[in-house]
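Biologist: Could you take me slowly through the pockets of this protein, with a close look at the largest pocket and what lines it?

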Amino acid sequence: MTNLLSIENLRVSFPTEDGTVKAVDGVSLTVNSGETVAIVGESGSGKTVTSLSIMGLHKKGSTIIEGSIKINDGGTIKDVVSLNDEEIRDIRGRAVAMIFQDPMSSLHPYYKIGNQLSEAYEVHHEGGKKAAHARVLEMLDLVGIPEPAIRAEEYPHQFSGGMRQRVMIAMALMNSPRLLIADEPTTALDVTVQAQILALLDKLKKEFDMGILLITHDLGVVAQVSDRVSVMYAGQIVEEADVDSIFYTPRAPYTLGLLKSVPRIAASNERLKAIPGQPPSLINLPQGCAFSARCEFRHLSPQDCAVVPVELHGDITGHKSRCHIPLEVRNSTFDKDLQELR
């Protein structure tokens, strides 16, 4: 495996009149070729801000970015944080590409699909329109769009939601990037189309030997396609491990809360077990654990969770979690809830 992305201690904040919004606070993660790494968490946890930072899409004048985001560009390691605008544009779409959340708003309604895909290719190639058109047809066919020569002459409104998402995938892969960021790629799609899109991404990952960073709040999607998972809350990673460990032996109370909030067929008559309360303000975060006010297990901690800072700790397996409660206490306490989920 080749390391394609290495993020170290990433901090992203936005100064406002009310104070500084700490959207991402000390995030570190890696993505290797041939694997899918998921970032999961509630809305506002920092998932999309992290992905936009990788693409260099934050406005530098109104954003403070610290840490490093190293991308493998054909063997050359480039730190997005230190690159200028021209250097970022050179790797964007070529070394790293992104599938954005809403395919309808991401595609221009007034331009034909083929023209939009051609533009993505021509930015990084000098082969002319003929080569670009050939690449468009090749990619539309690759992502499963029938009659690509005809569909390339159509507009976004003539495509279904699932087909528009396939177009976005084709656009992201026009220049054969090794690293692909998929931000909520199945949002607003029905279950059948969702399964098709996920199967397509998995197929293309193997074909291109890509690494995929999947941004989602859907634990079902995470279970289906991910190799490793980072769980984010209030701008921090609170747990990271391989996908089986996250689902079968979670160590962070927040991760367990997410698992308990997933509807289960066997418990169709029960009310959903939602996590109580609301996420904290990113302008005024507690000094200690950001999840402490909502945690049902905080009484088990020997520390004052809201006041004492807590670090991300792990073991030799790479399973890391952020919690003051002793690990053996968490394991025995969580076991009852996990038995009910199985």
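Modeller: A pocket here is an open set of grid points, where a 1.4 Å probe fits, with protein on both sides within 12 Å along at least five of seven lines, and a residue counts as lining when it has an atom within 4 Å of a point. Please keep in mind that this is a predicted model. In the largest pocket there is about 550 Å³ of space, and its lining is made up of 21 residues, among which Arg92, Gly93, Ala120, Val123 and Met171 lie nearest the centre. Turning to the elements behind this lining, two or more residues are given by each of strand E6 (96-99), helix H4 (113-122) and helix H7 (161-172), and it is H4 that gives the most, with four residues. If you sort the lining of the largest pocket by class, you find eleven nonpolar residues, seven polar ones and three charged ones.

For a comparison, it helps to look at the second largest pocket, which holds about 340 Å³ of space. Its lining has 19 residues, and those nearest its centre are Arg11, Asp25, Gln236, Gln287 and Gly288. The elements that give two or more residues to this second lining are strand E1 (3-16) and strand E2 (19-32), with E2 providing the largest share, three residues. By class, the lining of the second largest pocket divides into nine nonpolar, five polar and five charged residues.

Key:
Residues numbered from 1 in each chain as written. Predicted model: local features only at pLDDT ≥ 70, side-chain atom pairs only at ≥ 80, totals over all residues. Heavy atoms only, no water. 1 Å grid on protein atoms, 1.4 Å probe; cavity = no way out; pocket = protein on both sides within 12 Å on 5 of 7 lines; lining within 4 Å. Points joined across faces, edges and corners; volume = space filled by probe spheres on them. Nonpolar A, V, L, I, M, F, W, Y, C, P; charged D, E, K, R; others polar.
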